[in-house]
Amino acid sequence: MKILMVCLGNICRSPLAEGIMQHLSDEQGLGWEVDSAGTGNWHVGEAPDRRSIRAARNHGVDISRQVCRLFRKSDFDEFDHIFVMDKSNLSNVLNMARNNEDAKKVSMLLGDKIVPDPYYDDAQFEPVFMLIENGCKEIIKKLVD
């Protein structure tokens, strides 16, 4: 199983989602490959936001070696599932879908709820970590059962 996590800049939410899902997959011996990308190109080549790195580290997840990249159309070919953090990300990714098969791979991480962007509020990184972790656990339940 190959999973892609997508947010706007690929420095806060999607790196957390990548790290959390990979950690949970490894813990459960699922053998999944997880990656992340952004729909905006401001941070390509950069590491995740230091606050995301810290929040992940507080929970035993290391995301410090991730590198930001841009979402690309070829991701539809590479990944089985593409999870986005909010409705703007959903719209951006679906606008790049080439066909219905591509579009069927895309969904929001938390179903109909968004993962809020913590970038402008340091205090939101921990709650966002918890939201993403719960979302990843639910996805694993759905995909494994």
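In which helix is Arg-13 found? Arg-13 is found in helix H1, and the structure can be followed outward from there. The model is a predicted one, in which local features need pLDDT of at least 70 and side-chain atom pairs count only at pLDDT 80 or more, whereas totals for chains, interfaces and linings use all residues. Residues are numbered from 1 along each chain as its sequence is written, and side-chain values use heavy atoms, with hydrogens and water left out.

Arg-13 counts as buried because its relative accessibility is 2%, where buried means under 20% relative accessible area, exposed means over 50% and partly exposed lies in between, with a 1.4 Å probe and protein chains only. Leaving aside neighbours within four places in sequence, Arg-13 is in contact with Cys-7, Leu-8, Met-85, Asp-86, Asn-89, Val-115, Pro-116, Asp-117, Pro-118, Val-128 and Ile-132, contact being defined as heavy atoms within 4.5 Å. Asn-10 is found in the loop between S1 and H1, and Asn-10 is likewise buried, with a relative accessible area of 2%. Asn-10 is not a glycine, yet it has a positive phi of about 60 degrees.

Helix H1 (residues 13–27) packs with H6 at an angle of about 45 degrees, the two axes being 9 Å apart. Helices (H or I, at least four residues) and strands (E, at least two) are DSSP runs numbered from the N terminus, and axes are lines fitted to C-alpha atoms, for helices over the stretch in contact, with angles running from 0 to 180 degrees between N-to-C directions. H1 and H6 are therefore oblique to each other, since angles under 35 degrees count as roughly parallel, over 145 as roughly antiparallel, 65 to 115 as roughly perpendicular and the rest as oblique. H1 passes H6 in a right-handed crossing, a crossing being right-handed if the near helix is turned clockwise from the far one by less than a right angle, and left-handed if anticlockwise. On the H1 side the contact is made by Arg-13, Leu-16, Ala-17, Ile-20, Met-21, Leu-24 and Ser-25, and on the H6 side by Val-128, Phe-129, Ile-132, Glu-133, Cys-136, Lys-137, Ile-139 and Ile-140. These residues divide into eleven nonpolar, one polar and three charged, where Ala, Val, Leu, Ile, Met, Phe, Trp, Tyr, Cys and Pro count as nonpolar, Asp, Glu, Lys and Arg as charged, and the others, Gly among them, as polar.

H6 also meets a second partner. The axes of helix H2 (residues 50–57) and helix H6 (residues 125–144) come within 9 Å and cross at roughly 60 degrees, which makes H2 oblique to H6. This crossing of H2 past H6 is right-handed, and the contact joins Arg-51, Ser-52, Ala-55 and Ala-56 of H2 to Phe-125, Glu-126 and Phe-129 of H6. By class, four of the contact residues are nonpolar, one is polar and two are charged. Ala-56, which lies in helix H2, is buried with a relative accessible area of 0%. Beyond neighbours within four places in sequence, Ala-56 is in contact with Leu-16, Val-61, Ile-63 and Phe-129, and its C-alpha atom is separated by 9.4 Å from that of Pro-15, 41 residues apart along the chain.

The largest nonpolar core (a set of buried Ala, Val, Leu, Ile, Met, Phe, Trp, Tyr and Cys residues joined through side-chain atoms within 4.5 Å) has 25 residues, and those with the most contacts inside it are Met-5, Leu-16, Met-21, Leu-109, Ile-132 and Cys-136. Strand S1 (2–7), H1, H2 and H6 are the elements that give two or more residues to this core, and H6 supplies the largest share, six residues. Setting aside neighbours within four places in sequence, Leu-109 is in contact with Met-5, Phe-83, Val-84, Met-85, Val-115, Ile-132, Gly-135, Cys-136 and Ile-139. A second, separate core of eleven residues includes Ala-37, Phe-79, Val-93 and Met-108.

Ile-139, placed in helix H6, is buried with a relative accessible area of 7%, and, not counting residues up to four places away in sequence, Ile-139 touches Met-21, Phe-83 and Leu-109. By contrast, Val-67 has its place in the loop between H2 and helix H3 (75–78), and Val-67 is exposed, with a relative accessible area of 52%. Val-67 nevertheless touches Asn-10, Gly-45 and Glu-46, again not counting residues up to four places away in sequence.
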